[in-house]
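Colleague: I should be grateful for a close look at a single strand of this model. Please describe its setting and its neighbours.

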Amino acid sequence: MAPKNIILLLLILLIVSTMSKNVQSEPMSKYKKSISIKLNTDIFGLLNLLKDELPLTRQKIANSGFDLSNVNKYEWHDEYIAPKIMLMDGAILNYAKLITMNIEGGIDIFFIFRIKNKMITRQELESQLGTFVVSYGDGLVNNAVITYQRKIGESYIFATYTSEPPNILLNVSFSSIEPLEQ
């Protein structure tokens, strides 16, 4: 497995593990006031917009409606968060987090958000975004979730579902490389 794929897998496993342990908490509330943004789209409109924008950049994510604030700046990566987003279909997106890592030739983008107040089946997601397959290494951290992935070019979309009860979408994440400006 290539080093980039190993780093990506470890990052996904870390985030899924953290999200599983803190499902009821709001870990980022200490960084932002409890505000929310309303977008004039539904969950599938937003997911398709992000999919169509692949490879994602920080600017494309911001243009899609996420008000990103840098909360942690480290030597090898930065972390950004966005306030809760309310969509027209009642879906609520929280725990929106963007992690960027400087790599050779660009910036590795990993963007994740938790979906609340909306039951989305795998079949519904795939009818909108295309076929997903089980992600490599799934179940190493927590047997309570199953992560599926879809590769588009050099980018990935990940969808994490509960195992029991089955088929409840917890979060969606995107991974891509933002090329350095020429």
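Modeller: The account below concerns one strand, its pairing partners and the core.

The structure is a predicted model, in which local features need a pLDDT of at least 70 and side-chain atom pairs count only at pLDDT 80 or more, while totals for chains, interfaces and linings use all residues. Residues are numbered from 1 along each chain as its sequence is written, and side-chain values use heavy atoms, with hydrogens and water left out.

The strand is E9, residues 155–162. Helices (H or I, at least four residues) and strands (E, at least two) are DSSP runs, numbered from the N terminus. E9 is mostly covered, with 8 of its 8 residues buried; buried means under 20% relative accessible area, exposed over 50%, and partly exposed in between (1.4 Å probe, protein chains only). Both faces of E9 are covered. One side carries Ser155, Ile157, Ala159 and Tyr161, and the other carries Tyr156, Phe158, Thr160 and Thr162.

Ser155 lies in E9 and has a relative accessible area of 3%, so it counts as buried. Leaving aside residues up to four places away in sequence, Ser155 touches Leu54, Pro55, Arg150, Ser175 and Ser176; a contact means heavy atoms within 4.5 Å.

E9 has pairing partners, where two strands pair if DSSP finds at least two bridges between them. With strand E8 (residues 145–152), E9 pairs in the antiparallel sense over 8 bridges, and Ile146 stands opposite Tyr161 of E9. The hairpin of E8 and E9 has 2 residues between the strands, and Gly153 takes a positive phi near 65 degrees there. E9 and E10 also run antiparallel, joined by 6 bridges, and Ile157 has Phe174 in E10 as its bridge partner. This hairpin has 6 residues between its strands, and Asn167 in the turn has a positive phi of about 70 degrees.

Phe174 is also among the residues with the most contacts inside the largest nonpolar core, which has 34 residues. A nonpolar core is a set of buried Ala, Val, Leu, Ile, Met, Phe, Trp, Tyr and Cys residues joined through side-chain atoms within 4.5 Å. The elements giving two or more residues to this core include E9, strand E10 (169–179) and helix H2 (43–52).

As to confidence, the protein chain averages a pLDDT of 80, and 76% of the residues score at least 70; pLDDT is the predictor's confidence in each residue, from 0 to 100. Confidence is lowest in helix H1 (residues 3–21), at a mean of 46, and highest in H2, at 96.
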